[in-house]
Every structure is written in structure tokens, then in C-alpha cells.
Amino acid sequence: MRSHTVSTAVTLCASAALVAAVGTASAAPGASPSAAHSVNQAGRPVLVDCVWHAQVHPDDFMIACGDGNSRLVSLHWSQWDPNSAVANGLNVVNDCKPYCAAGKFHSYPVVVRLDHPQPWKKHPKLQHYTQMSLVYLDDRPDGFERVVIYPLWN
């Protein structure tokens with residue numbers, strides 16, 4: 001009986017921590033629907049992040065939402081218009097050697113390009129970019145091509 005109580009307590013604590021983390025991520029600053037709408041009126045699509053916030057000119061962006069093993073940081077945008085957006089930055093990627101929890105993160109200079117704006121299902125009057133291309137300028141993670149194209153969520 002004691003182990004069942006401890007197991008239940010651990011499960012409840014883990015659940016509470018998860019709810020707190022999700023609540024914190026949800027409360028993070030992001031474009032509100034009204035702010036996102038005004039962005040659309042300016043003719044600029046948005047970039048939708050992992051927690052469904054509309055962003056324009058973000059400083060960083062999580063690529064691997066599920067495990068956090070790939071992220072864009074230090075983004076400096078030179079273009080953001082109705083057709084595409086372009087930035088320079090770093091792709092920080094976990095090498096997962098010998099496995100991801102024990103891996104090390106490495107930074108790779110990239111050019112980021114966002115393309116193919118389409119109506120966003122969550123806010124159909126708002127356009128969002130649906131494709132991201134990364135061009136590695138120097139080294140790149142093992143197994144990656146020089147140019148990697150990702151579909152973006154809707």
C-alpha cells in the first residue's frame with residue numbers, strides 16, 4: 001500500500017510540474033489574435049511557434065518541439081514581407097552521442113528562409129509561413145545536407 005501511495009504522489013507531482021510548465025509556456029509573450037490581425041493588415045505573414053503563438057521577427061525559434069534538440073537562436077532578420085522572410089542566425093543542435101540525454105549541443109551558422117505563406121487554420125484571415133529552409137554556411141550536423149527544408153505546422 002505504501003508504494004502505491006508514493007507512486008501516486010510522484011505521478012501527481014509530475015503532473016503538476018507539467019501543467020505548470022505548459023501554463024508558463026502558454027503565458028509567454030506572443031502575438032495576441034488582435035495583434036496578429038494587425039500584422040496581417042500590414043501584409044506580413046507570421047511564423048507560428050510550438051505553442052501556437054504568431055511571431056514576427058522572433059529572436060529564437062524551436063524547430064524540434066517534441067524534444068528540444070534543435071533550435072534557432074540569435075536570429076537577425078534582413079527581410080520579412082508578404083512572400084518570404086530571411087535571417088542569419090545559429091542552429092543549436094544536440095549531437096545525441098551516445099544518446100540525446102547525454103549529448104552535447106553544437107552551434108552552426110545558418111541562413112533561415114521562410115516561404116509559402118498560406119492562411120493559418122487557427123486564424124484564417126492571417127497568413128503564416130508554411131516552409132522553412134536552413135542553409136548551413138560552414139559545418140553542419142552529421143547526416144544533414146547543406147540545405148534542409150522543413151514544413152511548418154498549421
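Let's start with the disulfides. Counted along the chain, the bonded cysteines pair up as 1-2, 3-4. That makes two disulfides. Keep in mind that this is a predicted model.

Take the pair Cys50 and Cys65. A disulfide joins them, with the sulfurs 1.6 Å apart. The angle about the S-S bond is -75 degrees, and this link is left-handed. Where do the two cysteines sit? Cys50 is in the loop between strand E1 (47-48) and strand E2 (54-55), while Cys65 is in the loop between strand E3 (61-62) and E4, so the bond ties together parts 15 residues apart in sequence. Are they buried or exposed? Cys50 has a relative accessible area of 26%, so it is partly exposed. Cys65 is at 37%, so it also counts as partly exposed.

Now the other pair. Cys96 is joined to Cys100, S to S 2.0 Å. Here the angle about the S-S bond is 95 degrees, and the link is right-handed. Cys96 is partly exposed at 23% relative accessibility. Cys100 is partly exposed too, at 35%.

Stay in this region and look at Asn94. This residue is found in strand E5. Its relative accessible area is 8%. Buried means under 20%, so Asn94 is buried. What does its side chain reach? One partner is the backbone nitrogen of Cys96, at 2.9 Å. Another is the backbone nitrogen of Lys104, which lies 3.4 Å from a polar atom of the Asn94 side chain. Set aside neighbours within four places in sequence, and Asn94 is in contact with Asn69, Cys100, Gly103, Lys104 and Phe105. So Asn94 has a polar contact with one cysteine of this disulfide, Cys96, and is in contact with the other, Cys100.

Next, salt bridges. How many are there? The count comes to three.

Asp60 and Arg71 meet in one of them, at 2.7 Å from N to O. Asp60 lies in the loop between E2 and E3, and Arg71 lies in strand E4, so this pair ties together parts 11 residues apart in sequence. Both ends are partly exposed: Asp60 at 32%, Arg71 at 28%.

Lys97 forms a salt bridge with Asp142, and their closest N and O atoms are 2.8 Å apart. Lys97 is in the loop between E5 and E6, and Asp142 is in the loop between E9 and strand E10 (147-151), so the parts tied together are 45 residues apart in sequence. Lys97 is partly exposed at 48%. Asp142 is at 62%, and that counts as exposed.

Then there is Arg113 with Asp115, where the closest N and O atoms are 3.0 Å apart. Arg113 is partly exposed, at 36%. Asp115 is buried, at 11%.

Last topic: the inside. The largest nonpolar core has 20 residues. Which members touch the most others? They are Phe61, Leu72, Trp77, Val112, Leu114 and Met132. Strands E4 (70-80), E5 (85-94), E6 (105-115) and E9 (131-136) each supply at least two residues of this core. Apart from it lies another core, of five residues, including Val46, Ala54, Trp120 and Leu126.

Look at Leu114 on the structure. Leaving out neighbours within four places in sequence, its contacts include Leu47, Trp77, Trp80, Ala85, Tyr129, Met132 and Leu152. Asn83, Ser84 and Gln131 are in contact with Leu114 as well. Two of these partners, Trp77 and Met132, also appear among the core members that touch the most others.

Methods
Residues numbered from 1 in each chain as written. Predicted model: local features only at pLDDT ≥ 70, side-chain atom pairs only at ≥ 80, totals over all residues. Heavy atoms only, no water. Core = buried A, V, L, I, M, F, W, Y, C linked by side-chain atoms within 4.5 Å. Buried < 20%, exposed > 50% of the residue type's maximum accessible area, 1.4 Å probe, protein only. Helix = DSSP H or I, 4+ residues; strand = E, 2+ residues; numbered from the N terminus. Contact = heavy atoms within 4.5 Å. Polar contact = N/O pair within 3.5 Å; in protein donor to acceptor, adjacent residues only side chain to side chain. Disulfide = S-S within 2.5 Å. Salt bridge = Lys/Arg side-chain N within 4 Å of Asp/Glu carboxyl O.
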